[in-house]
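Please find below a short note on the model you are about to look at. The points run from the overall layout to single residues.

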Amino acid sequence: LVFFFSRAAYHRHLNYSLRRQLQMCIRNIPPRDPHINIVKLDDLAHTQKKLMPAPATAKLEQITQDIQAGRLSRKRIGNYTYVDLPQVQAGSGRGLWRVAIEQNGKEGGKDIYIIRGIFDYHGSKHVAWGV
């Protein structure tokens, strides 16, 4: 039995060629847009955001990022999807307040979601902080 290549040298060559092929494949993958959806704020939501406490504003930003990434609550009532906003009132836990989101068409192949405001969806009351 005669070997033309040593086994170690042959495996080194195979590993190198496989690594090279993988690098070529990775370079050819197009970058993916991390934002699947477009999110816009309604005038009411924009005004409410300015007046909200800092923890609630941070939670609203997190909700916006989740919607952009394609993660949206399935709690629908009528034309709106509602997402909990627990940090509106200090020490209230989950609380009464929800972010009302409406899907409103497409733009450039992406769904457009409009945040309509922050409501007590049990009674459909809006809130104005700092007034």
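The numbered points below describe the fold, the strand pairing, selected side chains and the core.

1. Basis of the note. This is a predicted model, in which local features need pLDDT of at least 70 and side-chain atom pairs count only at pLDDT 80 or more, while totals for chains, interfaces and linings use all residues. Residues are numbered from 1 along each chain as its sequence is written, and side-chain values use heavy atoms, with hydrogens and water left out.

2. Overall layout. The protein has three helices and six strands; these are DSSP runs numbered from the N terminus, helices being H or I with at least four residues and strands E with at least two. Along the sequence the pattern reads α-β-α-α-β-β-β-β-β. Of the contacts with a separation of 6 or more, 51% join residues 24 or more positions apart, a contact being heavy atoms within 4.5 Å.

3. Surface and burial. About 9300 Å² is exposed by the protein, and carbon and sulfur atoms supply 56% of that area; accessible areas come from the Shrake-Rupley method with a 1.4 Å probe, and for residues only the protein chains shown count as cover. Of the 131 residues, 27% are buried. Buried means under 20% relative accessible area, exposed means over 50%, and partly exposed lies in between (1.4 Å probe, protein chains only).

4. Strands β2, β3 and β4. Two strands pair if DSSP finds at least two bridges between them. Strand β2 (residues 76-77) pairs with strand β3 (residues 80-84) in the antiparallel sense over two bridges, with Ile77 opposite Tyr80. Two residues lie between the strands of this hairpin, where Gly78 has a positive phi near 65°. On β4 (residues 97-107), β3 pairs in the antiparallel sense over five bridges, and there Tyr80 has Glu102 as its bridge partner.

5. Strand β5. Which strands pair with β5, in the parallel sense and in the antiparallel sense? Strand β1 (residues 37-41) does so in the parallel sense over five bridges, with Val39 opposite Tyr113. β4 does so in the antiparallel sense over nine bridges, with Ile101 opposite Ile115. In the hairpin of β4 and β5, which also has two residues between the strands, Gly108 takes a positive phi near 60°. Strand β5 (residues 110-120) is mostly covered, with nine of its 11 residues buried.

6. The aromatic pair. The structure holds one such pair. Tyr80 and Tyr82 form it, in a tilted arrangement with 6.5 Å centre to centre and 50° between the planes. Rings of Phe, Tyr and Trp (its six-membered ring) pair if their centres lie within 6.5 Å; planes under 30 degrees apart count as stacked, over 60 as edge-to-face and the rest as tilted. Tyr80 is partly exposed at 28% relative accessible area, whereas Tyr82 counts as buried at 11%.

7. Arg98. Is Arg98 buried or exposed? This residue of strand β4 is buried, with a relative accessible area of 3%. Its side chain makes a polar contact with the side chain of Asp84 at 2.7 Å. A polar contact is a pair of N or O atoms within 3.5 Å; within protein, one must be able to donate a hydrogen and the other to accept it, and residues adjacent in sequence count only if both atoms are side-chain atoms.

8. The largest nonpolar core. Among its 16 residues, Ile63, Ile67, Val99, Ile101 and Ile115 touch the most other members. The elements giving two or more residues are α3 (54-68), β4 and β5, and α3 provides the largest share, four residues. Such a core is a set of buried Ala, Val, Leu, Ile, Met, Phe, Trp, Tyr and Cys residues joined through side-chain atoms within 4.5 Å. Not counting residues up to four places away in sequence, Ile63 touches Val83, Asp84, Leu85, Val99 and Ile101.
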